[in-house]
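Colleague: I would like a close look at the charged side chains in this model. Please take the salt bridges one by one, then anything nearby that helps me read them.

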Amino acid sequence: MAAVREAIRFFLGRAFDIREGETMRVLLMQANIFLLISTLLIIKPAVNALFISELGVEQLPRAFVMVAIFAAVISTLYSRLLRRSSMGRMMNGTLLSSIFILIAMGVLLRLNVLEGGVLYFFYLWVSIFGVLTASQFWILANLVFNAREAKRLFGFIGAGAIAGGIFGGYLTSLLAPSIGSENLPFLAAFLLSLSVPATRFIWKNYVEQQHTTFQRQKRIKGFSDHPLALIRQSRHLTFLAGIVGISVIVAKLVEYQFSAVAAAAISDPDELASFFGFWFSNFNVISLGIQLFLTRRVVGTFGVGYALFVLPAGIFIGATALLFFPELWAAVLIKLADGSLKQSINKAAIELLGLPIPIDIKNKTKTFIDVFIDSAATGLSGLMLIFLVSGMDLSPRFISILIVLLLLGWGYFALQVRREYIQSFKLKILKPSPEKKALDIGNESVVNGLKKVLNNGGERQIIYILKQLQELGDERFFQPVRGLLRHPSAAVRAEAIHNLYFYKQHSIVEEVAPLIQDTEQAVKVAAFNYLIEHSPENRLELMRSFLQDDDYRISYAALISLASETKDNPELKKIFELEERIRQKLAHLPDIEDVKEEQFSKIQLLKAIGRANIPALHATITAFLSDENPEVARQAIQSAGQTLSLEFISQLIAFLSNPAYKDAAQAALAHYGLGIIEHLQQFLGAARPGDVVVIRNLPPIVEGIESQSCVQFLFSLLDYEDLVVRLEALRSLNTLKNRFPHLKFKKKDLLQQILEEARLYQNTLSVLYIQARNAEAEVAQSESYKARKSLISLLERRLDGSLERMFRLVGLKYPPEDIIPIFKGVQSKHPNLRISAIEFLDNLLDMDFKKILIPIVETAMLETISEEAIRGLNLKLPTEFQCFELLLNGKDFRVKLAVLYLIGQLGNRQYLGLLDKYRQSPNEKVRAAAEKARQMLDL
């Protein structure tokens with residue numbers, strides 16, 4: 001038995017690059033998707049046949065509309081349930097409820113309960129079941145496999161879906177005539193029941209035991225808070241979404257034609273179910289053949305843009321045939337074009353056309369396009385069919401005319417997206433880099449333009465292209481990328497090796513092997529990864545030899561690569577005894593005499609621990625957080641963030657008060673993603689007065705996380721009493737606005753904040769005028785004069801800060817790239833710039849913002865503050881007592897201390913009441929200052 005298992009592992013490793021420790025996970029996931037798709041392809045033909053036979057094909061358009069509505073309702077309920085429950089429970093609940101529905105369906109069919117409502121429900125449920133279970137499966141796959149594993153294994157796992165489609169369809173075509181369609185739900189329920197223990201085992205052993213909550217959150221790719229806004233802001237995405245929408249409408253029209261012609265030719269429900277099952281499987285087989293043997297050649301020969309026309313051209317031929325020959329062979333032909341070309345050539349072209357779109361934008365919009373645009377297009381197709389079939393009483397053959405018209409729109413979107421594809425590369429990739437001028441590619445093709453940049457571009461240009469092309473493995477770029485192995489930039493060399501990693505058919509081990517000796521550690525690690533990937537025969541021996549290499553730099557590069565490779569592979573960790581190797585190197589640290597080698601070793605070990613996903617080694621990170629070497633401590637902070645472990649969050653927050661480690665701690669906490677918001681809020685809730693330095697450094701942590709929750713968190717900091725905290729929160733809000741323009745900032749909240757800042761500015765201005773006037777009446781160089789001048793200087797800085805905060809608040813309503821230059825212009829010493837700035841501001845703002853901001857800006861531009869200017873703002877001049885009372889009632893801690901010190905120097909006992917009040921302040925420093933001022937008054 002052991003020999004058989006070893007033989008299977010050897011075959012899978014050689015044929016599909018399934019590595020040590022991955023076999024069980026991969027086979028379980030492949031079997032799972034096989035069972036899910038088999039279930040779908042057994043039940044879908046049966047339900048479709050029963051629905052059409054019992055209710056008539058004219059009911060299909062109404063079913064399409066109801067599917068769209070049903071999908072929207074289910075998606076909403078599903079999202080709400082997911083917030084309250086784990087993904088594991090949701091998947092288990094979906095499978096169990098589906099099994100129950102299948103059994104109920106079989107019982108009702110056996111009892112011959114075939115009322116319209118029952119069949120409608122089953123038809124709708126089958127439509128949702130296919131989308132929901134497939135979506136859940138791929139979410140689970142992204143949790144079970146990391147990005148590197150997914151690139152290697154998802155193709156093999158996906159073959160299980162194709163096999164399930166073929167098996168389920170053919171099984172239905174064989175069994176439906178003999179056992180009857182009413183018994184197929186029981187068979188489907190049996191197959192689906194086998195998926196339940198498999199899913200539970202996978203979740204328990206490969207998700208719960210391997211990943212923290214933060215790791216799961218980061219791997220699950222949902223859609224963003226505002227995916228529609230992201231799509232609307234990108235012409236490229238808009239056209240892609242348009243193609244998807246039209247393709248879904250056309251597919252539903254084709255499905256209606258196929259079903260109508262088949263129902264007219266085959267009246268027996270069991271025979272019809274057999275027919276559907278047979279051809280659904282045939283479509284899967286043909287699609288697989290096209291994917292394996294034609295897709296790469298078609299895309300490579302004709303280019304991405306033209307490959308997008310293959311599917312509509314095939315549908316056009318089928319639609320034309322069905323229009324003139326409304327027979328079964330023509331219906332099969334048009335369905336064959338849609339069913340086989342969509343998941344092969346068209347899918348590859350769509351994915352390639354999305355290449356210039358940033359990966360995070362694609363992740364945030366893909367689910368929305370796949371689910372909501374698909375559902376909306378399905379509903380729209382139903383409405384079209386209701387109008388044409390029920391309203392105009394057209395036969396199915398004439399639906400071809402509508403299909404041809406829609407294909408024209410499809411062609412328009414295809415031409416536009418091709419143009420955007422080319423333009424995106426020219427603008428984003430061929431733009432000037434700091435070290436090189438922009439490359440002129442004229443009217444060259446995108447491929448030739450990219451080759452030109454790879455050969456002659458600057459470092460930034462080359463790296464950008466390599467990252468975009470990394471997963472394509474396009475033969476046309478192999479030689480240019482290969483040439484970059486000799487590039488003078490270490491960053492380019494490392495990225496080139498990462499890119500060559502995906503050219504499985506080309507092995508250049510001899511050229512990459514010498515780069516193990518490269519002076520840059522990043523190049524060593526990349527070279528090691530390449531050699532392991534392209535040496536399958538002796539992979540284990542090669543890894544062991546590098547791990548034991550006499551050159552400590554090479555052995556550490558191997559260790560880091562092994563930590564990354566085995567991150568989600570506990571079996572491989574055991575084979576290589578990763579934890580023991582790390583502990584041995586840690587124990588060897590005291591024996592290292594060279595200081596630089598010791599520092600290098602500590603940093604490399606921390607990198608390995610951060611990637612290894614071994615909680616037992618987290619204590620080592622904690623120990624190195626207090627290392628006397630700043631570089632080591634900084635790496636410990638980064639590694640703590642990489643672990644995404646809850647135990648490090650409080651320690652990382654504490655580092656925010658240390659200027660030497662603040663940036664590293666912010667980056668580490670930001671790495672936790674959206675889940676960190678809850679913990680930052682908990683810290684704020686329990687914060688003490690002495691934590692203000694930490695709180696000032698919280699805003700930059702969330703400014704790179706795209707979520708409305710970040711906006712809400714930063715807005716909550718605008719009410720904090722420390723002015724620096726408020727300013728930092730505003731700066732981060734401006735950064736959020738700049739990076740993610742689709743996030744919402746409510747005008748009402750902005751106006752309220754601006755009004756508060758305006759009141760603070762006006763109060764500070766009036767107090768400043770009184771203090772400046774009183775200073776003129778005092779004896780120069782007296783203690784009270786010095787104290788007052790210190791307060792005046794502080795208030796002047798506060799005025800500038802208040803003005804900046806107002807402008808940054810306005811920058812949340814209007815483009816920051818317009819508002820910030822206006823603010824700098826207002827502060828300029830050149831009169832012309834100040835005048836131009838206020839003129840631009842006056843034309844930009846709407847009335848609500850203009851009436852608040854313009855008078856304040858005009859006052860801020862004055863060289864000196866006069867009583868006339870104060871009264872021009874409708875401000876009352878306060879008394880000295882009112883000035884002190886106003887400032888002490890404010891939120892500014894430093895201003896309070898300055899006022900209390902001035903009161904002590906003035907020696908005027910009329911302020912005793914104010915001092916007694918602040919001797920009870922909750923702030924220790926304010927109490928001490930009030931007490932000292934009281935003592936000075938008693939002298």
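Modeller: Here is a walk through the salt bridges, followed by an unpaired acid, the largest cavity and the cysteines. Keep in mind that this is a predicted model.

The count comes to 21 salt bridges. Side chains of opposite charge can pair when their charged atoms come close. Three pairs deserve a look.

Start in helix 10, residues 235-265. Here Lys-252 and Glu-255 form a salt bridge, at 3.4 Å from N to O. The two sit three residues apart, about one turn of the helix. Glu-255 has a relative accessible area of 10%, so it is buried.

Helix 15, residues 328-353, holds another pair within one helix. Asp-338 and Lys-342 are four residues apart, again about one turn. Their side chains meet in a salt bridge at 3.6 Å, N to O. Asp-338 counts as buried because its relative accessibility is 5%.

The next bridge joins Arg-731 to Glu-804, at 3.3 Å from N to O. This pair links distant parts of the chain, 73 residues apart. Arg-731 lies in helix 37 (residues 723-739), and Glu-804 lies in helix 39 (residues 783-810). At 13% relative accessibility, Glu-804 is buried. Arg-731, at 30%, is partly exposed. The pair also belongs to one network: shared salt-bridge partners join Glu-728, Arg-731, Glu-804 and Arg-808.

Now the unpaired acid. Asp-270 lies in helix 11, residues 269-293. Asp-270 is buried, yet it has no salt bridge. The nearest side chain of opposite charge is Arg-110, and that is 10 Å away. A salt bridge needs nitrogen and oxygen within 4 Å, so Arg-110 is out of range. What does Asp-270 touch, leaving aside neighbours within four places in sequence? Its contacts are Ala-176, Pro-177, Gly-180, Ser-181 and Glu-182.

Next, the empty space. There are four cavities of 30 Å³ or more. The largest has a volume of about 80 Å³. Its lining includes Asn-32, Met-91, Gln-136, Phe-137 and Ser-195. Helix 2 (23-55), helix 4 (87-110), helix 5 (116-144) and helix 7 (184-208) each supply at least two lining residues. Helix 5 gives the most, with four.

Last, the cysteines. The structure holds zero disulfides. Cys-710 is buried, with a relative accessible area of 0%. Cys-883 is buried too, at 0%.

Terms used. Residues numbered from 1 in each chain as written. Predicted model: local features only at pLDDT ≥ 70, side-chain atom pairs only at ≥ 80, totals over all residues. Heavy atoms only, no water. Disulfide = S-S within 2.5 Å. Buried < 20%, exposed > 50% of the residue type's maximum accessible area, 1.4 Å probe, protein only. Lys, Arg positive; Asp, Glu negative; His and termini not counted. Contact = heavy atoms within 4.5 Å. 1 Å grid on protein atoms, 1.4 Å probe; cavity = no way out; pocket = protein on both sides within 12 Å on 5 of 7 lines; lining within 4 Å. Points joined across faces, edges and corners; volume = space filled by probe spheres on them.
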